[in-house]
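Work through the exercises below with the sequence and the model at hand. Each task is followed by a solution in steps.

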Amino acid sequence: MVVSTPKTHVKTICDTVLFLCIGAMALPLMANANNEDIYQFIDAERQKSNPTAMADYEYAMSDSLFAAYPTYWRLNYNLSSQSPKVINDFVHKYPSHVMSEKLAADYAETKARQGDYASVRAVTHSIENADESEACAIALGQNAIGDAKALSQKEDVWLNTHLDRSLCEKLATQMADHPNISNTDLENRLVRMLRIDYRQLSSKKPPLDQSKDILKLAGKLGIAIDYATILEIRQNPNGFLTRFQNEPYSQTNQYLYIYAISQIAHRSYLQAADQLNYDITQDRTRHHKLLSDMAIRYAWRSIAVKRMNMNTDDGFSMDAVNWFRSSIGVPFNYEESEDYAQAAIYFGQWHDVVTAISTMSIQNQQKRVWQYWLARSFEQIGKTTESRGIYQNLAKELDYYGLLAKDRLGQTLTARELGGTQTPKASHYDNQRVMQNPYFARAFLMMESGVSDVHAGREWNWAVKKARDTNDANLAIAAAKKAYDLGLYHRSIYAIDNMPNLRAAPLSHPLAYYDEVVSHSQNAGIDPAWAYGIIRQESRFQAGAKSNANAGGLMQIIPSTARLIAQRMGETAGSMNNPDTNIRYGTWYLNNLANTANGQIAVATASYNAGPNAAKKWLPKHGSIAADQYVEAIPYYETRDYVKHVMENATIYSSLLGRYTPISTRMGVVAAY
């Protein structure tokens with residue numbers, strides 16, 4: 001369930017005029033919103049696996065602000081056995097409640113996995129903000145009856161090569177039977193399956209045999225592919241290619257050739273490239289061609305994608321750009337377009353960047369990342385009017401690309417654009433409304449009582465969504481200010497970041513732990529704005545934050561790194577939950593990474609997230625490139641996104657600290673060291 005994406009969904013009259021309904025019922029509702037409510041919730045939550053106890057709590061909590069929870073836990077205990085009517089009755093009883101959304105979404109996923117698509121369709125109207133997996137569950141229900149709405153997910157699943165959600169993979173497979181899927185669609189999907197059916201070769205993942213999907217698609221197209229041949233190529237692709245040389249041209253063999261080259265590419269992209277070059281050369285000397293242009297282009301595509309997957313191991317290579325260029329003429333999926341664009345960006349092949357972006361869907365072309373790189377490419381090839389127009393549009397927002405665009409336009413970030421440097425004040429009326437609002441009231445009662453962040457965070461995010469749906473900026477600011485005053489900086493950050501056109505940097509970019517950050521940064525010889533940028537991205541100022549990798553504290557330092565830092569500083573490692581110690585260690589480590597990277601802050605930031613060895617392998621072998629090129633080509637999505645956010649944060653913090661440094665100046669250029 002996603003609660004950060006605004007959508008409109010009208011279920012009841014109260015939903016239609018949500019603000020008026022809240023205003024009408026808030027005061028009597030909040031008369032019962034007291035400590036007893038949260039104590040009952042905590043007691044009920046401890047026994048949530050006991051349906052009998054939940055039935056008792058449903059009665060005891062019927063007038064409570066948390067009345068929906070015991071019913072939710074009772075129904076969720078054996079969700080698969082519930083009827084759609086029971087789910088919809090719950091949603092009707094608790095309209096616009098975050099747990100209604102969650103119950104309906106969980107139920108849809110459960111029934112989709114069971115193949116009970118009628119039940120999925122029966123609750124679809126109760127799901128407002130589906131995440132990726134939930135959207136695929138809904139589409140599976142629609143696809144089962146040939147509903148054209150199912151195709152709204154086609155772009156996300158049909159040709160993707162990295163479907164991590166099982167329901168999305170299931171949807172892609174079953175969508176082949178949709179009446180609006182054309183033979184061209186089926187052919188493109190068949191090639192996609194042939195090119196990625198290699199994960200069974202990896203010892204790091206369980207076997208994944210795509211043979212059934214391949215054979216089904218081939219059968220629909222009348223292509224004579226059989227399982228024995230698939231197995232033969234999977235086990236010995238080179239042996240098949242030897243036999244292929246002595247067989248007459250056939251349509252079936254073109255697909256099998258793509259399969260064989262893709263299997264080889266998975267083992268070695270260099271071997272696959274040599275094989276393809278050899279086969280193309282040999283083909284030119286024959287009286288009758290054995291290879292179609294389609295087969296050649298898809299073969300180059302597989303090799304290019306594999307080369308991009310090896311950038312951390314082998315470093316970047318212009319070969320990837322050339323191989324993508326050789327593959328133009330057959331459809332790209334989004335991942336392949338992105339790979340092509342990133343390779344071209346890294347090597348400054350600006351015409352290729354434009355071409356790569358043009359292979360994306362219109363929707364993806366409009367994403368800010370690709371609008372920025374389209375403008376950068378236009379600027380480099382002399383289309384200055386077009387580039388400035390795009391930059392001006394991007395610069396209206398103060399995210400990573402907006403800040404970069406401002407620099408390209410020669411504009412300076414001002415305090416006014418950030419919403420000023422003073423913490424905004426909320427009116428007495430708006431402060432009252434926060435705790436009269438059932439959404440924020442639930443969240444604050446949970447947060448102040450130490451309830452699990454899973455529950456409190458879900459309620460907070462939902463409350464912000466509801467404020468956003470009604471465009472109630474004053475309520476959002478009042479709630480964010482209350483969270484800020486309680487030291488719940490991660491909540492104030494979320495509230496401001498997720499309200500459109502609302503800028504209040506002191507709340508979204510708090511200067512918490514100011515004395516420690518400034519003092520330790522200065523002692524370490526680094527910019528305090530950079531340290532703040534790291535803290536905001538790592539922990540959102542939660543001193544007790546702990547990651548899955550056991551990283552702890554404000555700057556999320558793992559124990560082994562803490563011990564190393566302490567050793568270098570001549571002391572015994574202190575607690576990473578202590579803000580002063582954590583900041584002192586973190587700033588020292590940032591300085592160490594910066595020195596190692598010859599002062600290249602973008603590289604040092606990547607090192608902080610992915611490790612110095614990986615960040616160094618992404619450096620250009622000769623000369624230098626602009627840091628934005630380096631960052632955009634980082635192979636790890638998490639690290640790429642991380643560096644962008646830290647650089648964005650640091651730039652905004654530099655303005656708040658009165659030491660403004662433009663993002664392009666901060667990032668500079670990147671060269672080998």
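**Exercise 1.** Decide whether Tyr-513 is buried, partly exposed or exposed, and say where Tyr-513 lies.

Solution. Step 1: take the classes, in which buried means under 20% relative accessible area, exposed over 50%, and partly exposed in between (1.4 Å probe, protein chains only). Step 2: Tyr-513 has a relative accessible area of 26%, so Tyr-513 is partly exposed. Step 3: Tyr-513 is found in the loop between helix H32 (505-508) and helix H33 (514-524); helices (H or I, at least four residues) and strands (E, at least two) are DSSP runs, numbered from the N terminus. Step 4: the phi of Tyr-513 is near 55°, a positive value in a residue other than glycine.

This is a predicted model, in which local features need pLDDT of at least 70 and side-chain atom pairs count only at pLDDT 80 or more, while totals for chains, interfaces and linings use all residues. Residues are numbered from 1 along each chain as its sequence is written, and side-chain values use heavy atoms, with hydrogens and water left out.

**Exercise 2.** Give the place, the phi and the exposure of Arg-540.

Solution. Step 1: Arg-540 belongs to the loop between helix H34 (528-538) and helix H35 (559-568). Step 2: the phi of Arg-540 is positive, about 55°, although the residue is not a glycine. Step 3: with a relative accessible area of 25%, Arg-540 is partly exposed.

**Exercise 3.** How many salt bridges does the structure hold? Describe the one between Asp-352 and Arg-325.

Solution. Step 1: a salt bridge is a side-chain nitrogen of Lys or Arg within 4 Å of a carboxyl oxygen of Asp or Glu. Step 2: the structure holds 37 of them. Step 3: in the salt bridge of Asp-352 with Arg-325, the closest N and O atoms are 2.6 Å apart. Step 4: this pair links distant parts of the chain, with Asp-352 in helix H22 (residues 350-358) and Arg-325 in helix H20 (residues 318-326), 27 residues apart. Step 5: Asp-352 is buried at a relative accessible area of 8%, whereas Arg-325 is partly exposed at 34%.

**Exercise 4.** Describe the salt bridge between Arg-433 and Asp-472, then find the network that includes Lys-465.

Solution. Step 1: the side chains of Arg-433 and Asp-472 meet at 2.7 Å, N to O. Step 2: they join distant parts of the chain, since Arg-433 is in helix H27 (residues 428-436) and Asp-472 in the loop between helix H29 (453-469) and helix H30 (473-485), 39 residues apart. Step 3: Arg-433 counts as buried at 11% relative accessibility, and Asp-472 is buried at 10%. Step 4: elsewhere, salt bridges that share partners join Glu-128, Lys-465, Lys-466 and Asp-469 into one network.

**Exercise 5.** How many aromatic pairs are there, and how are the rings of Tyr-372 and Tyr-401 arranged?

Solution. Step 1: rings of Phe, Tyr and Trp (its six-membered ring) pair if their centres lie within 6.5 Å; planes under 30 degrees apart count as stacked, over 60 as edge-to-face and the rest as tilted. Step 2: the structure holds 28 aromatic pairs. Step 3: Tyr-372 and Tyr-401 form a tilted pair, 5.5 Å centre to centre with 45° between the planes. Step 4: Tyr-372 is in helix H24 (residues 368-380) and Tyr-401 in helix H26 (residues 400-409), 29 residues apart. Step 5: both Tyr-372 and Tyr-401 are buried.

**Exercise 6.** Why is the pair of Phe-440 and Trp-460 edge-to-face?

Solution. Step 1: the ring centres of Phe-440 and Trp-460 are 5.2 Å apart and the planes stand at 65°, so the pair is edge-to-face. Step 2: Phe-440 lies in helix H28 (residues 438-448) and Trp-460 in helix H29, 20 residues apart. Step 3: Phe-440 is buried, with a relative accessible area of 0%, and Trp-460 is buried, with a relative accessible area of 0%.
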